[in-house]
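This report looks at the surroundings of a bound ligand and at one further pocket of the protein. The sequence and the structure follow.

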Amino acid sequence: MHSQQTKQKLFSFELFPPKTEEGMEKLKTQVKKLARVNPLYVSVTFGAGGSTQHRTVQSVEWLASQGIEAAPHISCISSSAAEIVEMLKRYKEQGIRRLVALRGDLPSGAGPGGRGELNYANELVALIRREFGDHFHIEVAAYPEFHPQAANARADLNNFKRKVEAGADAAITQYFYNADAYFHFLDSCEKMGIAIPIVPGIMPITNFSSLSRFSDACGAEIPRWIRKRLEAYADDVESIRAFGIEVVSELCQRLLEQGAPGLHFYTMNQSAATLKIWHNLGLPE
Ligand code: FAD
């Protein structure tokens, strides 16, 4: 049993801001279903590219109007410090208390000139603490299989520690399907004196080609046995979903039993797979 075990487990959901009004209406239907199981908070991603940023604000406002604790993601790589502080002032006025603070990824094709004043997430966390004290609960990202741009595993752990020392309260991991990677990561963090909760990010499996593409880009490994099974199902969507639910439910079960402090579901704006896994785990509905 790992020492991250807490009495009260932390369960949260993640959404991305829809690009259209029609998408927003669909999202509302899905969120109403997800909200019935009372997650601690629902986070909304933020596009470093810029075009969907106002949609994050809009989605967060709607969540708050429904009495759901909303946690906007905020990334720093393509904004100035002044722009970030302005946005956070608005969130503070709206009663937002929780943020997911990230570096962000530049859109592909953007040159190095696109970089902002703040180049790493630890600098963003430090800015938020400097300007807003303890007003916000700050979540940061963690990478049990290591960030693809890290010089090496040790450097990535040291960089993670910098974010914690800058004032992060908790972390959410990149998704993974190998529980050992997560528990090894927790062990390394513990040895480095990092004591914040590190909540596994869970990606339900519903579509092989998009998962495969996304995993290649973000450095998350799909274990060979899972990849081979999914490839064999080809266009058989029902079998992919059934197998995906089984594999991810077993992963979550093991994570919780061995001491993960909670689970953060990347819902991809769909409630069905997340709620089925939730049900399989015997969590309160
Ligand atoms: P950092 O912690 O800054 O790390 C980035 C890289 O730089 C790592 O390789 C690290 O080892 C290295 N590094 C860190 N600090 C230093 C330093 N001081 N000196 C040298 N190297 C350093 N992206 C979005 O655009 N919008 C989102 O809403 C979003 N939400 C996410 C939510 C979660 C839970 C996760 C796990 C990721 C999310 N991402 C999002 C993706 C994220 O922006 C990318 O993974 C990005 O490449 C890294 O962000 P970070 O905050 O982890 O960066």
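How much space lies in the second largest pocket? In this predicted model, the second largest pocket holds about 160 Å³ of space. Its lining is made up of Gln-8, Lys-9, Leu-10 and Phe-11, of Val-37, Asn-38, Pro-39 and Leu-40, and of Trp-278 and Pro-284. By residue class, this lining divides into seven nonpolar residues, two polar ones and one charged one.

The ligand, for its part, has 23 residues around it, of which Phe-46, Asp-105, Tyr-143, Asp-156 and Lys-163 come nearest. The shell that these residues belong to comprises 10 nonpolar, eight polar and five charged residues. Polar contacts to oxygen atoms of the ligand include the following.

| Residue | Polar atom of the residue | Ligand atom | Distance |
|---|---|---|---|
| Gly-104 | backbone | oxygen | 3.0 Å |
| Ala-121 | backbone N or O | oxygen | 2.8 Å |
| Asp-156 | side chain | oxygen | 2.6 Å |

Of the 970 Å² that the ligand exposes when taken alone, the protein buries 86%. Three elements give two or more residues to the shell around the ligand, namely helix H4 (121-132), helix H5 (153-166) and strand E6 (170-175). Which element provides the largest share of the shell around the ligand? That share comes from H5, which contributes four residues. Asp-156, whose side chain has a polar atom 2.6 Å from a ligand oxygen, lies within the range of helix H5 (153-166), and Asp-156 is also among the residues that come nearest to the ligand.

Note on methods. Residues are numbered from 1 along each chain as its sequence is written. This is a predicted model: local features need pLDDT of at least 70, side-chain atom pairs count only at pLDDT 80 or more; totals for chains, interfaces and linings use all residues. Side-chain values use heavy atoms; hydrogens and water are left out. On a 1 Å grid over the protein atoms alone, a cavity is a set of points where a 1.4 Å probe fits but cannot get out, and a pocket is an open set with protein on both sides within 12 Å along at least five of seven lines; lining residues have an atom within 4 Å of a point. Grid points are joined across faces, edges and corners, and a volume is the space filled by probe spheres set on the points. Ala, Val, Leu, Ile, Met, Phe, Trp, Tyr, Cys and Pro count as nonpolar, Asp, Glu, Lys and Arg as charged, and the others, Gly among them, as polar. A residue is near a molecule or strand if one of its heavy atoms lies within 4 Å of it. A polar contact is a pair of N or O atoms within 3.5 Å; within protein, one must be able to donate a hydrogen and the other to accept it, and residues adjacent in sequence count only if both atoms are side-chain atoms. Accessible areas come from the Shrake-Rupley method with a 1.4 Å probe; for residues, only the protein chains shown count as cover.
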